[in-house]
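Here is a friendly briefing to read alongside the sequence and the coordinates. Have the viewer open as you go through the points.

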Amino acid sequence: MHVQEWLDSVPAAAVYAVVALVIGLESLGIPLPGEIILVSAALMSSQHTGVNPVVLGACATAGAVIGDSIGYAIGRKGGRPLLAWLGKKFPRHFSAGHVATAERSFEKWGMWAVFFGRFVALLRIFAGPLAGVLHMPYWKFLIANVLGGICWAGGTTAVIYYVGIVAEDWLKRFSYVGLGVAVLIGLGSMLILKRKANKAQPEQREAEAEPVNAGE
């Protein structure tokens with residue numbers, strides 16, 4: 001909610017820049033909430049805030065591809081010592097267990113680990129640097145990186161945008177339906193009460209007349 005409120009307070013151009021920057025830094029290997037930022041911005045774009053979903057998706061894709069490529073270059077140059085250093089700085093994300101899990105994924109799936117890693121929070125941070133450390137051929141990495149970036153960033157933006165549009169339309173319809181139901185419930189309650197009141201009036205008259213008849 002704080003992310004959404006903050007994004008609401010800045011111009012559309014700043015939203016594009018923030019989304020590209022955060023996703024780029026996350027892809028580079030810095031643990032940041034890229035997915036949360038993207039989802040929040042995509043939801044904004046469905047609420048007529050001036051944020052264009054196509055431009056947003058393009059910025060998110062560019063951030064993902066560029067960030068991953070920089071991460072690859074850093075990982076290739078830094079090697080294993082880089083992973084050890086990251087493990088000390090970010091033990092929660094770059095622990096030995098997490099690194100081992102990511103390595104097994106790369107050994108088993110190769111370039112597909114880069115592609116599908118885009119959709120997994122842990123591998124999204126690891127993909128670029130680890131591909132460089134393991135000396136994956138750059139052309140393979142680039143293909144998987146670009147395709148994964150387009151599918152993840154563009155796909156997430158599109159899905160959240162259309163979900164937001166449908167939800168807004170549904171809520172508008174629901175408001176009218178809710179109003180109609182409330183009116184019907186009110187009318188029904190009033191008729192029931194009126195019927196009970198009319199039924200109670202003769203019974204009350206009879207109850208009042210009984211003492212008089214007994215006295216006679």
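Valine 15 makes contacts with Leu7, Val10, Ala41, Met44 and Val51, leaving out residues up to four places away in sequence. Please keep in mind that this is a predicted model. The protein chain has eight helices and zero strands, and 34% of its 216 residues count as buried.

**Overall layout**

- Along the sequence, the protein chain reads α-α-α-α-α-α-α-α.
- Among contacts in the protein chain with a separation of 6 or more, 78% join residues 24 or more positions apart.

**Nonpolar cores**

- The largest nonpolar core holds 18 residues, and Val15, Val19, Ile23 and Leu56 have the most contacts inside it.
- At least two residues of this core come from each of helix H2 (12-28), helix H3 (34-45), helix H4 (53-89) and helix H8 (138-215).
- The most generous contributor to this core is H2, which gives six residues.
- Another core lies apart from that one; it has 17 residues, including Ala102, Phe115, Ala131 and Ala144.

**Helix H3**

- H3 is twelve residues long and spans 17 Å from its first C-alpha to its last, close to the 16 Å expected at 1.5 Å a residue.
- Its buried residues are Gly34, Ile37, Leu38, Ser40, Ala41, Ala42, Met44 and Ser45.
- Two of these, Ala41 and Met44, are also among the residues that valine 15 touches.

**H5 against H7**

- Helix H5 (residues 96-109) packs on helix H7 (residues 121-133) at an angle of about 70°, and their axes are 10 Å apart.
- Since angles of 65 to 115 degrees count as roughly perpendicular, H5 is therefore roughly perpendicular to H7.
- On the H5 side the contact is made by His98, Val99, Ala102, Glu103, Ser105 and Phe106, and on the H7 side by Leu122, Leu123, Phe126, Ala127, Leu130 and Ala131.
- By residue class, the contact of H5 with H7 has nine nonpolar, two polar and one charged.

**H2 against H7**

- The axes of H2 and H7 cross at roughly 60° and come within 6 Å.
- Glu26, Ser27 and Leu28 of H2 meet Arg124, Ile125, Gly128 and Pro129 of H7.
- The residues of the contact of H2 with H7 comprise three nonpolar, two polar and two charged.

**Two buried acidic side chains**

- Glutamate 26 sits in helix H2. Is it buried or exposed? With a relative accessibility of 3%, glutamate 26 counts as buried, because the cut-off for buried is under 20%.
- Leaving out residues up to four places away in sequence, glutamate 26 touches Leu32, Gly34, Glu35, Arg124 and Ile125.
- Aspartate 68 belongs to helix H4, and its relative accessibility of 2% makes aspartate 68 buried.
- Which residues does aspartate 68 touch, not counting residues up to four places away in sequence? They are Ser27, Arg118, Arg124, Ala127, Gly128, Phe141 and Asn145.
- Arg124 therefore appears in the contacts of glutamate 26 and in those of aspartate 68, with glutamate 26 counted as buried.

**Partly exposed residues to look at**

- Alanine 12, in helix H2, has a relative accessible area of 23% and so is partly exposed.
- Beyond its neighbours within four places in sequence, alanine 12 is in contact with Gly50 and Val51.
- The C-alpha atoms of alanine 12 and serine 45 are 9.4 Å apart, although 33 residues separate them along the chain.
- Glycine 154, found in helix H8, counts as partly exposed at 26% relative accessibility.
- Leaving aside neighbours within four places in sequence, glycine 154 is in contact with Thr61 and Gly149.
- Between the C-alpha atoms of glycine 154 and proline 53 there are 9.0 Å, with their positions 101 residues apart along the chain.

**A backbone angle to check**

- Most residues other than glycine have a negative phi.
- Histidine 135, by contrast, has a phi near 60°, a positive value in a residue other than glycine.
- Where is histidine 135? It lies in the loop between H7 and H8.
- Histidine 135 is partly exposed, at 48% relative accessibility.

Definitions and conventions
Residues are numbered from 1 along each chain as its sequence is written. This is a predicted model: local features need pLDDT of at least 70, side-chain atom pairs count only at pLDDT 80 or more; totals for chains, interfaces and linings use all residues. Side-chain values use heavy atoms; hydrogens and water are left out. Axes are lines fitted to C-alpha atoms, for helices over the stretch in contact, and angles run from 0 to 180 degrees between N-to-C directions. Helices (H or I, at least four residues) and strands (E, at least two) are DSSP runs, numbered from the N terminus. Angles under 35 degrees count as roughly parallel, over 145 as roughly antiparallel, 65 to 115 as roughly perpendicular and the rest as oblique. Contact means heavy atoms within 4.5 Å. Ala, Val, Leu, Ile, Met, Phe, Trp, Tyr, Cys and Pro count as nonpolar, Asp, Glu, Lys and Arg as charged, and the others, Gly among them, as polar. A nonpolar core is a set of buried Ala, Val, Leu, Ile, Met, Phe, Trp, Tyr and Cys residues joined through side-chain atoms within 4.5 Å. Buried means under 20% relative accessible area, exposed over 50%, partly exposed in between (1.4 Å probe, protein chains only). The expected span of a helix is 1.5 Å times one less than its number of residues.
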